[in-house]
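Work through the exercises below with the sequence and the model in view. Try each task before reading its solution.

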Amino acid sequence: MEAWEKSLRNCITSPEELAGLFHVQGDELGEVVRRYPMRITPYYLGLISEPGDPIWRQCVPDPEEMHDLVQSPDPLDEERLSPVPGLIHRYPDRVVFLVSTACAVYCRFCMRKRGVGCQGVSPAPVDEAVAYIAAHPEIRDVILSGGDPLLLSDERLEAILAALHRIPHVEIIRVGTRAPVTLPERITAKLARMLKRYQPLYVNTHFNHPREVTEASAKACARLADAGIQLGNQTVLLKGVNDDPLVMRELMQRLLAIRVRPYYIHQMDLVQGTAHFRTRVADGTKVVAALRGHTSGLAVPHYVIDLPGGKGKVEVSSARFSGDGRRLTVTNYLGEEIEYREV
């Protein structure tokens with residue numbers, strides 16, 4: 001058994017375990033965990049300084065999750081846009097392939113918290129998804145997601161990569177993972193050597209706070225970068241975590257220092273159970289504006305909204321705000337004018 005697998009066996013998964021380490025009432029979190037599972041790796045737990053800090057907010061259940069009942073569990077209409085199980089075909093030339101239903105840490109703001117880590121939810125059959133991709137020559141870009149693809153064994157992951165690599169019209173493969181942030185020991189030399197065989201391969205990480213950029217996470221990213229894999233980062237704008245311009249600037253600068261290019265800052269999706277993390281878009285524009293001129297352009301990512309209904313991503317910079325600042329009119333990649341209402 002590898003070190004990362006041992007770490008997963010030693011994760012905190014119950015409120016009672018958490019209560020034994022911090023002054024919290026485990027019974028208050030029981031209802032939350034029964035609906036939205038908890039898992040925190042020993043490594044990520046060690047980044048918490050005190051209850052309520054930016055690391056704590058990202059991984060520890062909050063009773064507020066049960067109070068947000070208005071929004072949809074699937075606001076991006078991923079299930080409607082799934083032609084075969086586990087595959088999301090929203091844009092013409094690319095698909096998202098959900099190869100895992102597990103993560104090292106179950107983030108409390110997860111866009112797929114309706115299913116990730118939940119009992120009874122299993123990964124989709126690989127053969128059916130690969131057959132669909134092979135039958136659609138317009139698909140040139142495949143994004144492996146989940147859950148976290150890097151929680152698969154090296155052998156299982158390589159089998160999927162090899163199957164995709166054999167399809168002539170698949171030009172690039174991307175992997176979305178939070179393992180460098182929450183389980184850096186997963187990024188082994190063996191894994192990096194295997195991934196190198198399937199270029200062009202891109203890895204998008206998910207750092208949300210400067211304290212997540214540690215010696216261990218930097219080493220994990222270095223292994224991937226040294227293997228010739230280009231690294232990008234997708235940050236979610238989270239209230240009480242990174243909605244401060246100075247915090248966001250420090251995060252972006254630290255990412256560049258470990259060879260991870262800031263790619264997106266995401267406005268929080270309108271996912272049920274996550275309302276307590278949402279900031280106003282106007283506040284997000286101030287955070288991004290504070291980056292420009294104060295740091296390298298390399299450190300300024302795209303600030304985007306993933307529109308409800310599967311309408312695609314749009315840059316906030318192109319939006320037109322209403323007088324009250326709570327409604328935005330945007331134009332998506334299809335030329336459709338769409339009104340986005342803040343909640």
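**Exercise 1: Unusual backbone geometry**

Proline 200 lies in the loop between helix H9 (189–196) and strand S5 (201–205); helices (H or I, at least four residues) and strands (E, at least two) are DSSP runs, numbered from the N terminus. The model is predicted, so local features need pLDDT of at least 70 and side-chain atom pairs count only at pLDDT 80 or more, while totals for chains, interfaces and linings use all residues. Residues are numbered from 1 along each chain as its sequence is written, and side-chain values use heavy atoms, with hydrogens and water left out.

*Task.* State whether the peptide bond from glutamine 199 to proline 200 is cis or trans, then find what is unusual about the phi of aspartate 77 and of arginine 259.

*Solution.*
Step 1. Recall the background: most residues other than glycine have a negative phi, and most peptide bonds are trans.
Step 2. The bond from glutamine 199 to proline 200 is cis, with omega near -5°.
Step 3. A cis bond also leads from glycine 146 to glycine 147, with omega near 25°; glycine 147 sits in the loop between strand S3 (141–145) and helix H7 (154–165).
Step 4. Aspartate 77 is not a glycine, yet its phi is positive, about 60°. Its place is the loop between helix H5 (54–59) and strand S1 (87–91).
Step 5. Arginine 259, also not a glycine, has a positive phi of about 70° and lies in the loop between H11 and S7.
Step 6. Check accessibility (buried is under 20% relative accessible area, exposed over 50%, partly exposed in between, with a 1.4 Å probe and protein chains only). Aspartate 77, at 25%, is partly exposed; arginine 259, at 45%, is partly exposed too.

**Exercise 2: The buried face of a helix**

*Task.* Which residues of helix H12 (residues 281–289) are buried?

*Solution.*
Step 1. The buried residues are Val281, Gly284, Val287 and Val288.
Step 2. Viewed down the axis of H12, they fall within an arc of 110°, so they line one face of the helix. The arc is that of the directions from the helix axis to the C-beta atoms.
Step 3. The general reason is that an α-helix has 3.6 residues a turn, so residues three or four places apart point the same way.
Step 4. Among the elements that these buried residues pack against are helix H11 (245–257), strand S7 (261–266) and strand S8 (302–307).

**Exercise 3: A buried loop residue**

*Task.* Is threonine 274 buried or exposed?

*Solution.*
Step 1. Threonine 274 is found in the loop between S7 and H12.
Step 2. Its relative accessible area is 0%, so threonine 274 is buried.
Step 3. Leaving aside neighbours within four places in sequence, its contacts (heavy atoms within 4.5 Å) include Asp68, Arg108, Phe109 and Met268.

**Exercise 4: Pairing of strands**

*Task.* In which direction does S1 run relative to strand S2 (residues 94–98), and S2 relative to S3?

*Solution.*
Step 1. Two strands pair if DSSP finds at least two bridges between them.
Step 2. S1 and S2 run antiparallel and are joined by 3 bridges. Leucine 87 stands opposite phenylalanine 97 in S2.
Step 3. A hairpin joins S1 to S2 through 2 residues.
Step 4. S2 and S3 run parallel, with 5 bridges between them; here valine 96 stands opposite isoleucine 143 in S3.
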